[in-house]
Amino acid sequence: FHVELDTAGTSMDGEALNGSQGKALSVYSQNNQERVTAFLSAVGLDGEAMIKLDELSTTGLTGITTVEKLFINYLDIFGQPSREFLKQLLPFATDIYEKTAIAELTLDRNLQQFQDNMEKAFTFADYITKYPSLKIPAEKYLEIIPTIKQRVYSICSSTRLRPGKCQLLVVVNDWQASNGETKVGLCSDFLSKTKDGQFILCHPTHSVMEMPSDHSRHIFMVGL
């Protein structure tokens, strides 16, 4: 599918996003609001409660947001965890049987069970909701869940031809998990559902593609 971003009047307007020079765009996606609302309800968190973002600050300033916005804009709650994450859950389990079950998954002898869950595309949220006795304060999620990482896309337009515009050609990353469910990549799915007038957090970034100095040379581009 095709995405066109309006960059007119921003710091990115101009040669910074000139695709003819091999430039790329880093995009920060958001989690689906309905999925976040369902998760917060399942774990008993108030989405309208306020929370400090000291751990995410790079300026030394204190940021404040709602719990819902924290999970929509910052935390990769629907990403896939490592076994190290399960160890971080142990202190929050209030039921001894669930604490034991979580601990068992971290052992090498149960590696296959963890790998089976990976093939089912188990997420951070799936593990947390699987064990109802987990009582994790909202601020602790900042310590155990990674932030949403940028995804980099090659720019397929030239700002010399279309000033103030940045165009991307994106393929939705989807696959079938071992349990038969269809899964989709966070950012490509996010971009496919954007609407006119919606703001997207992004910035130009260095691309590994080097354009030939001879502009008459042919370039073959393949999207996977």
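Q: What makes the pair of R162 and E4 a salt bridge?
A: In this predicted model, the closest N and O atoms of R162 and E4 are 2.7 Å apart. The cut-off is 4 Å between a side-chain nitrogen of Lys or Arg and a carboxyl oxygen of Asp or Glu. The pair of R162 and E4 is within that limit, so the name applies.

Q: Why can R162 and E4 be said to tie together separate parts of the sequence?
A: R162 lies in the loop between β5 and β6 (165-169), and E4 lies in strand β1 (residues 2-6). These parts are 158 residues apart in sequence, so the salt bridge ties them together.

Q: Why are R162 and E4 called partly exposed?
A: R162 has 34% relative accessibility. E4 has 34% as well. Buried needs under 20% and exposed needs over 50%. R162 falls in between, so it counts as partly exposed. The value for E4 leads to that label too.

Q: How do you know that D108 and R83 form a salt bridge?
A: Their closest N and O atoms are 3.0 Å apart. That is within the 4 Å limit, so D108 and R83 qualify. D108 lies in the loop between α4 (96-105) and α5, whereas R83 lies in helix α3 (residues 83-89). The pair therefore ties together parts that are 25 residues apart in sequence.

Q: Is D108 buried or exposed, and why?
A: D108 has a relative accessible area of 64%. Exposed means over 50%, so D108 is exposed.

Q: What do the side chains of E104 and R109 form, and how do you know?
A: They meet in a salt bridge, at 3.0 Å from N to O. The limit is 4 Å. E104 counts as partly exposed, at 28% relative accessibility. R109, at 63%, counts as exposed. A search of the whole structure finds eight salt bridges, among them the pair of E104 and R109.

Q: What makes the rings of F114 and Y127 a stacked pair?
A: The search finds six aromatic pairs in the whole structure. The ring centres of F114 and Y127 are 6.3 Å apart, and their planes are at 15 degrees. Centres must lie within 6.5 Å, and stacked planes are under 30 degrees apart. F114 and Y127 meet both conditions, so the pair is stacked. F114 lies in helix α5 (residues 111-119) and Y127 in helix α6 (residues 124-130). The pair thus ties together parts that are 13 residues apart in sequence.

Q: Why is the pair of F122 and Y127 not given the label stacked?
A: The planes of F122 and Y127 are 70 degrees apart, with 5.1 Å from centre to centre. Over 60 degrees counts as edge-to-face, so that is the label for F122 and Y127.

Q: Are F114, Y127 and F122 buried or exposed?
A: F114 is buried, at 5% relative accessibility. Y127 is buried, at 1%. F122 is buried, at 18%. The limit for buried is under 20%, so F122 meets it.

Q: What makes R35 count as a charge over a ring?
A: R35 lies over the face of F78, at 3.9 Å from the ring centre. The distance limit is 6 Å, so 3.9 Å passes.

Q: How do you know how many disulfides there are?
A: A disulfide needs cysteine sulfur atoms within 2.5 Å, and the count comes to zero. For C156, the nearest cysteine sulfur is that of C166, 7.8 Å away. For C166, the closest cysteine sulfur is in C202, at 7.1 Å, too far for a bond. C156 is partly exposed, at 39% relative accessibility. C166 is buried, at 0%.

Q: Why is strand β2 called largely enclosed?
A: Four of the five residues of β2 (residues 24-28) are buried, so the rest of the structure largely encloses this strand.

Q: How do you know that β2 pairs with β5 and with β9?
A: Pairing takes at least two bridges. Four bridges join β2 to β5 (residues 151-154), running antiparallel. S26 stands opposite V152 in β5. Five bridges join β2 to β9 (residues 201-205), also antiparallel. There, L25 has P204 as its bridge partner.

Q: What makes T7 a buried residue?
A: T7 has 4% relative accessibility, under the 20% limit, so it counts as buried. T7 lies in the loop between β1 and β2. Its contacts include M12, L17 and C166.

Notes. Residues numbered from 1 in each chain as written. Predicted model: local features only at pLDDT ≥ 70, side-chain atom pairs only at ≥ 80, totals over all residues. Heavy atoms only, no water. Buried < 20%, exposed > 50% of the residue type's maximum accessible area, 1.4 Å probe, protein only. Helix = DSSP H or I, 4+ residues; strand = E, 2+ residues; numbered from the N terminus. Lys NZ or Arg CZ within 6 Å of the ring centre and 35° of its normal. Contact = heavy atoms within 4.5 Å. Lists of a residue's contacts leave out its neighbours within four places in sequence.
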